[in-house]
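Subject: Handover of the structure, with notes on what was found

Dear colleague,

I am handing over the structure shown below, and after it you will find notes on its overall build, its empty spaces, one helix and a few individual residues. Please read them with the model open beside you.

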Amino acid sequence: MLSRSPWERFRSDRRAVACLLILCAELLAVLLLPPLLGLEPNASDLGAGFWAPPSAAHPLGTDDVGRDLLARLLCGGRVSLLIGLCSAALSALVGIPLGLLAGYRRGAWEFCLMRLADVFQSFPSIVLVLCLVSLVGPSALNLVLVLGLLGWTGIARLVYGNTLSVREKEYVLAARALGGRTGRILRSNVLPNVIAPVWCALPLRAGRAILSESSLSFLGVGIRTPQASWGNLIQYAASLPVLTGRPWVWVPPGLCIILTVLCLQGIGDGLRDALDPRYGGHRGK
């Protein structure tokens, strides 16, 4: 019996495919619905009033200055998803080459890079993020840079551990004996054989970045109004009257965060099973 490709194994995991479809639907909604429906997140509707309940004109009601909460939910989703996905990509761009160098070159590279990773991981992450964001300023770009550059350690350790094993394989030793350059060996022989765990870790990294952005925005040091994000929409729940009497204000962004993080975790689990060479069956079957 021929072994199935990773994509075929991923498709056979119904839970992972469902998570991927939901995430794609979210991305399409936040990108396409605001221009198609003419939604403006910062326009105040004085006729509807402040803290208006859900209605035909405003399906999720309005906020404290009369802005449409559906428009702010969708446009805030762009910001939160952008920060999560871009910071995960930045973590990979930094962590992969550093992990390759530490695992392949060993010696001083290994000592310096792994000790640097230890230093980064020894600080409570939320405290370090709070300090850096307060220092550089609360913008989407700065959050991507801070979360991405602080998240490289996990990716680097994954690549480092796998590189230690792959560097002793026969095909790597043969390429080295034939005089191959280090860069070419890393690109052609090592990287393709250590990258699989990174694909599994990236969705989880994106989910953690979305949670971090939401936490920072809720605390008032992340994305700030008038720019919307799911995190600063939940900030309205810090007010007791809104928390108890206006659940339509903070429940939708909270559900979006939960759903997005769960979908990213499901995609990561599906990728892990699909890329695992010891694959023997799916939980989703």
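A helix here is a DSSP run of H or I that is at least four residues long, and such elements are numbered from the N terminus. In that numbering, glutamine 265 belongs to helix H13. Please keep in mind throughout that this is a predicted model.

**Overall build**

The secondary structure of the protein consists of 13 helices and 0 strands, so that the order of elements from the N terminus on reads α-α-α-α-α-α-α-α-α-α-α-α-α under the DSSP assignment. The C-alpha trace spans about 75 × 50 × 30 Å along its principal axes, and of the 285 residues in the protein, 44% are buried. Where contacts between residues at least 6 apart in sequence are considered, 70% of them join residues at least 24 apart.

**The largest pocket**

Rolling a probe the size of a water molecule over the atoms shows where empty space is left. The largest pocket holds about 400 Å³ of space. It is lined by 19 residues, and those closest to its centre are Ser125, Leu150, Gly151, Arg205 and Arg208. At least two lining residues come from each of helix H4 (107-122), helix H5 (125-136), helix H6 (140-150), helix H7 (152-166) and helix H10 (196-219), with H10 supplying the largest share, 5 residues. Sorted by class, this lining comprises 10 nonpolar, 7 polar and 2 charged residues.

**The cavity**

How many cavities of 30 Å³ or more does a search of the whole structure find? The search finds 1, and the volume of the largest cavity is about 30 Å³. Its lining is made up of Leu60, Leu69, Leu73, Leu233, Trp248, Val249 and Pro253, which by class are 7 nonpolar residues, with no polar and no charged ones. Helix H3 (69-105) and helix H13 (247-275) each contribute at least two residues to this lining, and H13 gives the most, with 3 residues.

**Helix H4**

Helix H4, which also takes part in lining the largest pocket, can be checked against the span expected of a helix. Its 16 residues should span 22 Å at 1.5 Å a residue, and the C-alpha atoms at its ends are indeed 22 Å apart, which agrees. Glu110, Leu113, Met114 and Ala117 are the buried residues of H4. Because these buried residues fall within an arc of 95 degrees when seen down the axis of H4, they line one face of the helix. An α-helix has 3.6 residues a turn, so residues three or four places apart point the same way. On the other side of H4, Ala108, Phe111 and Ser122 are exposed, while H3 and H7 are among the elements that cover its buried residues.

**Individual residues**

To return to glutamine 265 in H13, is this residue buried, exposed or partly exposed? With a relative accessible area of 36%, it lies between the 20% limit for buried and the 50% limit for exposed, and therefore counts as partly exposed. Glutamine 265 and glutamate 26 are 239 residues apart in sequence, and their C-alpha atoms are 15 Å apart in space.

Some backbone geometry also deserves a look when you go through the model. Most residues other than glycine have a negative phi, and most peptide bonds are trans. Tryptophan 51, in the loop between helix H2 (14-37) and H3, has a positive phi near 55 degrees, and its relative accessible area of 21% makes it partly exposed. Arginine 106, in the loop between H3 and H4, likewise has a positive phi near 55 degrees, and at 33% relative accessibility this arginine is partly exposed. Threonine 225 and proline 226 are joined by a cis peptide bond, with omega at about 15 degrees, and proline 226 is found in the loop between H10 and helix H11 (230-234).

With best wishes

Definitions and conventions: Residues numbered from 1 in each chain as written. Predicted model: local features only at pLDDT ≥ 70, side-chain atom pairs only at ≥ 80, totals over all residues. Heavy atoms only, no water. 1 Å grid on protein atoms, 1.4 Å probe; cavity = no way out; pocket = protein on both sides within 12 Å on 5 of 7 lines; lining within 4 Å. Points joined across faces, edges and corners; volume = space filled by probe spheres on them. Nonpolar A, V, L, I, M, F, W, Y, C, P; charged D, E, K, R; others polar. Expected span 1.5 Å × (residues − 1). Buried < 20%, exposed > 50% of the residue type's maximum accessible area, 1.4 Å probe, protein only. Arc of directions from axis to C-beta. Contact = heavy atoms within 4.5 Å.
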